[in-house]
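Dear colleague,

I am handing over the structure below, together with some notes on what was found in it. Please have it open beside you while you read.

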Amino acid sequence: MALADLWSYFKGYVIIAVKGRTLEKFVNTALARGIDLWDISRVDDRSLVARAYLHDLPSLGRILRETDCRGRIEEKVGVPFLVRRLARRKGLVAGAILFSVALYVLSSFVWFVDVSGVERTKPEAVLELAARHGLRPGVLKRSIDPGKVARSILAEFPDLAWAAVHVRGTMVNIEVVEKTLPDMSPGVVDVVAAENALVTNIIVLSGEPLVSEGDTVTKGQVLIAGLILWSQDQDGESKTVEVVNARGIVLARVWRTHSEKCRLVKEIVTETGRVARTRRFAVGGLTFVVGPKAPPFADYEEDERSYAVPLGGWSGYSIGLDVTTYREVIRRAEVVDRDEVLAEARERARRALEARLPRGARVLDEREDVRYSQGGVLTLTMTIETTEDIARERRQEREIERPDRS
Amino acid sequence: MGGKDGITGRVEEKLADLFEIPKNVLLDMPRIVLVGNVQLTVENHQGIVEYTRQRVRVATSRGEVAVEGRGLSIGRITKSEIAIDGRIHRIALGE
């Protein structure tokens, strides 16, 4: 029925109240003339309310006269009436049209241009270049060719590997990817230890190993040294220099520890709800105290608030009010379940340690040491042993010197 | 109409039985559909005789269909069909 309702809404209908003695005759006559009525309900024995289509209104008027009934339109429903009402409010309609047109016109311009993906290149340079190719805030969206702009940006920046121009509404995003250039800085790469560790396995890919398996190394120690090789020609004149950067894998055992402290006795403070306040008024050099001078409770917590109003800039005096609030409390020490605290501490320690593990580390062993000290404090120290690659490449500025020829 | 009660009417009825055709198709008989106790539809009616909130009488070729109930209203009325909504208590078919 919803579809039929929608249809009648589009055609427009009226709710009419009909009064008269011969209402049945009215309905029957309307029926005979092919006029659709619906939702007919009797109000009392002299009147009824019904709905009829807007286009049937003239014939309904005739039938009312013929059957000696009087009718009144109670409500007008539907699109035709809506249109008529809107037609009367021309300003509103004009405003709505103006708004739509303005929205359409304004949205056909480029308002913002931004650049993403730049690291070394200056975004301003990219924007300037885009502007030279017709892409800048204020131009018509239709006038720009994203593909062409992207191609010309790519052509003019040698260190860009890829560029694309995306038009999203009134925003244009220039997305670029920079080329990854090989590191050409001078010096030689050494492999150093990332952690204090015990070397278990060393695989040298290039360079000269300085440690061997079973050695203990400290953090930052050079494990594999890079080399600078001189090659000489027949004259004995050194001509070319070759830098060998160190590379390798150094597997080692690393121990990491973490301590967690926790209390076995928890203090629980409960407020009893009894409160006392002491107010101190200070006017000039005089002080008045309202309320108890000393806290009236055996155990309490206090907090103090001060308010001051300066009394004229010249006098230096002020009206001050200090309010001290004492709240009575009951303190109670509660012994916490030791196993629970220990389990929590263990969990925290493990999480802290795991956060420090590098990727690829394999855990070999996990140990813990629990100590109780005075004052109900428990200290849990967890040690985990892993095997991992501790090799880290580090570029060392090294003077490339001529080797001694002796 | 009254004419259906004559000899031709009886012949038509026999024919409808013979060919198993629904009677309302051939004989212009009203078709009355009752949905629970909330809606009554009369097809092939011949107009309303009486309409109040408590009682609706509809004329058909086979006499009147009288519906009694509470809060009765005519949900839809066209030349061929009338739908009566409301709480229906009693239906009477008669001459």
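The notes that follow take the chain contact, then the nonpolar cores, then a sheet in chain A.

Please keep in mind throughout that this is a predicted model.

To begin with the contact between the chains, 14 residues of chain A and 14 residues of chain B take part in it. On the side of chain A that touches chain B, helix H2 (23-32) and strand E2 (37-44) of chain A each supply at least two residues, and E2(A) gives the most, with six residues. Sorted by character, the residues on this side of chain A comprise six nonpolar, three polar and five charged. Pairing of strands also crosses from one chain to the other, since E2(A) is joined by four bridges to strand E5 (residues 63-77) of chain B, the two running antiparallel. Within E5(B), Arg76(B) is the residue that stands opposite Trp38(A).

Turning to the nonpolar cores, the largest has 31 residues, of which Val27(A), Ala30(A) and Leu37(A) touch the most other members. Leaving aside residues up to four places away in sequence, Leu37(A) touches Val27(A), Ala30(A), Ala50(A), Arg51(A) and Ala52(A), and it also touches Ile77(B). A second core, separate from this one, has 17 residues, including Ala194(A), Leu223(A), Ile224(A) and Ala246(A). As background, nonpolar side chains tend to be buried together in soluble globular proteins.

The last topic is an open sheet of three strands in chain A, which follow the order E5-E7-E6 with mixed pairing. Strand E5 (112-116) and strand E6 (160-168) of chain A stand at its edges and have a single partner strand each, so one side of each is left without a neighbour in the sheet. On average, and with direction ignored, neighbouring strands of this sheet are turned by 15 degrees against each other. E6(A) and strand E7 (residues 171-178) of chain A run antiparallel and are joined by eight bridges; in E7(A), Ile174(A) is the residue opposite Val165(A).

Two helices of chain A lie across strands of this chain. Helix H6 (residues 123-132) of chain A lies across E5 and E7 of chain A and runs at about 130 degrees to E5(A), while helix H7 (residues 146-156) of chain A lies across E6 and E7 of chain A, running at about 155 degrees to E6(A).

With best regards

Key. Residues numbered from 1 in each chain as written. Chains lettered and ligands numbered in written order. Predicted model: local features only at pLDDT ≥ 70, side-chain atom pairs only at ≥ 80, totals over all residues. Contact = placed C-beta atoms within 7 Å. Nonpolar A, V, L, I, M, F, W, Y, C, P; charged D, E, K, R; others polar. Pairing = 2+ DSSP bridges. Core = buried A, V, L, I, M, F, W, Y, C linked by C-beta atoms within 7 Å. Buried ≥ 20, exposed ≤ 12 C-beta atoms within 10 Å, placed from the backbone. Axes fitted to C-alpha atoms, helices over the stretch in contact; angles between N-to-C directions.
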